[in-house]
Amino acid sequence: FFFIYLIKKKYFMEEYGKILVFVMPIFLLLIAIEKIYGHFKGYDTAPYMDTVSSVSSGMTNSVKDVLGISISILTYEWLESHIALFHLEATVWAYIIAFICIDFYGYWSHRWAHQINFLWNKHAIHHSSEEFNLACALRQTISSFVNLFTFLLIPAAVLGVPSVVIAVTLPIHLFLQFWYHTKHIKKMGFLEKILVTPSHHRVHHAINPEYIDKNHSQIFIFWDKLFGTFQEELDEVPPVFGITRPAQTWNPIRINFQHLGLLISDAWRAKNWKDKLTIWFKPTGWRPENFEEKYPVTKINDVYHFEKYGTQHSKKLMYWSIFQALVTLLLITYMYDSIGTIGLPHVFVYGAFIFVTVYSYTELMDARKTAVFWEALRFLFAMGLLYFYGDWFGLTHLLPMSTFILIGYFSISLAMSIYFVAVDFEKEKIALA
């Protein structure tokens, strides 16, 4: 059974990796077009550091998904085999039914992620950007290790929609949620009544009191209208974006576990056992009585008057961060395109290296001195991999000089981290003083 599971897992990795190799350049091209369009219109909605952080979050999420680092307590395949009243063929109608059922599933899992304290941890990363642009669509979770909501696909299972149809439709449904993360498209007339549009989704991402916990639909807006969570974007209430307890970091891995850390510490400090147990299931943001005074956390009370994070940084750091993200994207592209060659369990080692890489350069983006430690760890990790495998996971077959190029790159990267921490950040401190 375990052997069969590994074969299925490897097949999933290869197929999903191929999809991402095709899709990633399209997303990046659209992000670049939005940036250029905003520049020429004099309305840039995608600051570079925010964009790098968002793309970095997308990288960690995609690696997690490709490696399949999550479990389903209840699988759709099991559901369909046990409760199906019919057995549909993989026809156009099966895909249409699957799409509608997945959208229903998406509405409720999304809504509960906003309304239940412990579920918010997996979704906070998506709302953490204080901007609203295509790149922020890539801010997806790595902290969701268990899929709790497969039961929401019961309608599809009862109708006998084949599991292969669900498997194909799920990523399509996800990718179709990319386009409406933009400020540049205003209201879209008749389509506003049917589809989730940029206007609807701006409301969803806003922290204005009028907009909180509204518009949870993912493709069809009628779920919100049906279940009482719809809110139109108001001309007199311009949306302000982010989360009310701001992330205050560019590091997507830190953001993914911030809320969980607060829940654990609050549960530990709570004297009442009822609070220790119920805090996980209370409405999002709930804390035990008087905790806001005893253990305060940064919170935005006036959405129109607060300072966005990370607006002060040197251009050198900005350009270096962009470079690091682009190199990491190249390394990930090679990983996805070569999963069959790299094989198990080596692809998990590669994935771990990507996580360390993202953590390292986003720590540097936050101007943390610990960035040197993480970059040194990354350097040793890389050198160990090159020594153990003899090259970079078979890359020399495509690029004969790749080992020497990578040694040079990792050495320069470590030197740059030391420079920024020891020289550049110190200069900024003096300038600010």
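This report walks through two helices, a set of salt bridges and three buried residues of the structure above.

The model is predicted, so local features need pLDDT of at least 70 and side-chain atom pairs count only at pLDDT 80 or more, while totals for chains, interfaces and linings use all residues. Residues are numbered from 1 along each chain as its sequence is written, and side-chain values use heavy atoms, with hydrogens and water left out.

**Two helices near the end of the numbering used here**

Helices and strands here are DSSP runs (H or I, at least four residues, for helices; E, at least two, for strands), numbered from the N terminus. Let's start with H15, residues 346–365. The expected span of a helix is 1.5 Å times one less than its number of residues. For the 20 residues of H15 that gives 28 Å, and the end C-alpha atoms are 29 Å apart, which agrees.

How enclosed is H15 by the rest of the structure? Buried means under 20% relative accessible area, exposed means over 50%, and partly exposed is in between (1.4 Å probe, protein chains only). By that yardstick 16 of the 20 residues of H15 are buried, so the helix is largely enclosed by the rest of the structure. After H15 comes Ala367, with a positive phi near 60 degrees.

H16 covers residues 371–389, and its 19 residues reach 27 Å from first C-alpha to last, close to the 27 Å expected. Its buried residues include Ala371, Glu375, Arg378, Phe379, Ala382, Leu385 and Leu386. These cover an arc of only 130 degrees around the axis (taken from the directions from the helix axis to the C-beta atoms), which puts them on the same side of H16. An α-helix has 3.6 residues a turn, so residues three or four places apart point the same way. Turned away from the buried side of H16 is a face with the exposed residues Phe373, Leu380, Tyr387 and Phe388. Gly390 follows H16, and its phi is positive too, near 85 degrees.

**Salt bridges**

Side chains of opposite charge can pair when their charged atoms come close. A salt bridge here is a side-chain nitrogen of Lys or Arg within 4 Å of a carboxyl oxygen of Asp or Glu, and the structure holds 16 of them. Here are three, including their N to O distances.

| Pair | N to O distance |
|---|---|
| Lys308 and Glu131 | 3.2 Å |
| Arg202 and Glu233 | 3.1 Å |
| Arg254 and Glu363 | 2.7 Å |

Lys308 sits in the loop between H12 (291–294) and H13 (315–337), and Glu131 in the loop between H5 and E2, so this pair ties together parts 177 residues apart in sequence. Lys308 is partly exposed at 34% relative accessibility, whereas Glu131 is buried at 13%.

In the second pair, Arg202 is in H8 (residues 198–205) and Glu233 is in the loop between H9 (222–227) and H10 (252–269), so parts 31 residues apart in sequence are tied together. Both Arg202 and Glu233 are buried.

Arg254 in H10 and Glu363 in H15 are 109 residues apart, so to speak distant parts of the chain that the pair links. Arg254 is partly exposed, with a relative accessible area of 29%, while Glu363 is buried at 0%. Elsewhere, salt bridges that share partners join Arg245, Asp266, Arg269, Arg287 and Glu292 into one network.

**Three buried residues**

What else does Arg202 touch, leaving aside its neighbours within four places in sequence? Contact means heavy atoms within 4.5 Å, and the list for Arg202 includes Phe132, Thr182, Lys183, Lys186, Pro239 and Phe241. A polar atom of the Arg202 side chain lies 2.9 Å from the backbone oxygen of Ile185. Arg202 itself has a relative accessible area of 4%.

Arg139 is in the loop between H5 (117–127) and E2 (146–147), and it counts as buried at 2% relative accessibility. Its side chain makes a polar contact with that of Ser53 at 3.4 Å. A polar contact is a pair of N or O atoms within 3.5 Å; within protein, one must be able to donate a hydrogen and the other to accept it, and residues adjacent in sequence count only if both atoms are side-chain atoms. Beyond four places in sequence, the contacts of Arg139 include Asp50, His126, Trp250 and Ile255.

Ile102, in H4 (residues 92–115), is buried with a relative accessible area of 1%. Its C-alpha is 8.1 Å from that of Thr169, and the two are 67 residues apart in sequence. Thr169 is also among the contacts of Ile102, together with Leu153, Ile166, Leu170 and His173.
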